[in-house]
Amino acid sequence: MAFELPKLTYAYNALEPHIDARTMEIHHTKHHQAYITNLNNATAGTDAEQLSIEDICKNISKYPMPVRNNGGGHYNHTLFWSIMGPGKGGNPSGKLAEAITNDLGGLDKFKEEFNKAATTRFGSGWAWLIVKDGKLAVCSTPNQDNPLMDIAEVKGTPVLGIDVWEHAYYLHYQNRRPDYCAAFWNVINWDEVSRRYEAAL
Ligand code: MN
């Protein structure tokens, strides 16, 4: 099949106590796998089978809704797993830290803006840190949309994202999305966010 579930580089329990093992396992093996299965079904026998998920997202208006929902789901979760890790958190450094200061008014203001985007996104969706016209910006998207998509309200290249669908936190946090969003800062892999930032410039 064209699209495959990426392996995690850490164990399902590696992000505890911030994100619990059961949530991680179900999220990866059931939710992400379902997006991939449905994306493969939706693109079978079409040109999209040969394309990268990034290229599909960038031209998503040309595809039917199942490709948008499941292709977005595949891209978003692949990014999500990569920007988290055990023993991470702390503060960003280098060029990324400078850009957070210059473009977003510093780390504290950025955290506040990102948490607000994540907690106020109504229903299911994602909050993002993106590179837009060479600068960092914060935005959010509904469902499995993302800022790479040509239909996005705010377009850019994602460098950090948080999944705020209830399946991402409900087992451990129930309705307390703000607590999950606060805990997320403890598992961010800033080296990977920096790598994505410099690649996006
Ligand atoms: Mn999810």
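## An enclosed strand

Strand β3 is largely enclosed by the rest of the structure, because 6 of its 7 residues are buried. This is a predicted model. β3 covers residues 157-163 and stands at an edge of its sheet.

One residue of the strand deserves a closer look. D163 is buried, at 0% relative accessibility. D163 is also one of the protein donors of the manganese ion, through OD.

## The sheet

The sheet is open and has 3 strands. Their order is β2-β1-β3, and the pairing is antiparallel. β2 (135-142) and β3 each have a single partner strand, so one side of each is left without a neighbour in the sheet. From one strand to the next, the twist averages 25 degrees.

β1 spans residues 125-132. How many of its residues are buried? The count is 7 of 8, so β1 too is largely enclosed by the rest of the structure.

## How the strands pair

β1 and β2 pair over 8 bridges, in the antiparallel sense. W128 stands opposite C139 in β2. L129 has V138 as its bridge partner in β2. The two strands form a hairpin with 2 residues between them. In this hairpin, D133 takes a positive phi near 50 degrees.

β1 also pairs with β3. These strands run antiparallel and are joined by 6 bridges. V131 has T157 as its bridge partner in β3. L129 stands opposite L160 in β3. L129 thus appears in both pairings, with V138 in β2 and with L160 in β3.

In a regular strand, side chains alternate between the two faces of the sheet.

## The manganese site

Which residues supply the protein donors of the manganese ion? They are H27, H77, D163 and H167. The three histidines each use NE2, while D163 uses OD. These donors lie 1.9 to 2.1 Å from the ion.

The spacing of the donor residues along the sequence is H-x49-H-x85-D-x3-H. Is H167 buried or exposed? H167 is buried, with a relative accessible area of 18%. D163 is buried as well, at 0%.

## Two crossing helices

Helix α4 covers residues 94-104, and helix α8 covers residues 190-200. They pack at an angle of about 75 degrees. Their axes are 8 Å apart. The two helices are therefore roughly perpendicular to each other.

Which residues meet where they pack? From α4 come K95, L96 and A99. From α8 come W190, V193, S194, Y197 and E198. The residues of this contact divide into 5 nonpolar, 1 polar and 2 charged.

## The buried side of α8

Several residues of α8 are buried: W190, E192, V193, S194, R196 and Y197. What covers them includes helices α3 (65-82), α4 and α5 (107-120). Strands β1, β2 and β3 are also part of the cover. An α-helix has 3.6 residues a turn, so residues three or four places apart point the same way.

W190 lies in α8. It counts as buried, at 6% relative accessibility. Setting aside residues up to four places away in sequence, W190 touches G89, G90, N91, P92, L96, F110, L160 and W185. L96 belongs to the α4 side of the helix contact. L160 is the β3 residue opposite L129. W190 and K88 are 102 residues apart along the chain, yet their C-alpha atoms are separated by 7.6 Å.

R196 has its place in α8 too. What is its relative accessibility? The value for R196 is 18%, so it counts as buried. Beyond its neighbours within four places in sequence, R196 is in contact with L79, S82, I83 and V159.

## A loop residue

S52 is found in the loop between α1 (21-43) and α2 (53-58). S52 is partly exposed, with a relative accessible area of 30%. In sequence, S52 and Y75 are 23 residues apart. In space, they are 9.7 Å apart, C-alpha to C-alpha.

Methods:
Residues numbered from 1 in each chain as written. Predicted model: local features only at pLDDT ≥ 70, side-chain atom pairs only at ≥ 80, totals over all residues. Heavy atoms only, no water. Axes fitted to C-alpha atoms, helices over the stretch in contact; angles between N-to-C directions. Helix = DSSP H or I, 4+ residues; strand = E, 2+ residues; numbered from the N terminus. Parallel < 35°, antiparallel > 145°, perpendicular 65-115°, else oblique. Contact = heavy atoms within 4.5 Å. Nonpolar A, V, L, I, M, F, W, Y, C, P; charged D, E, K, R; others polar. Pairing = 2+ DSSP bridges. Donors = N, O, S within 2.8 Å, 3.2 Å for Na, K, Ca; no water. Buried < 20%, exposed > 50% of the residue type's maximum accessible area, 1.4 Å probe, protein only.
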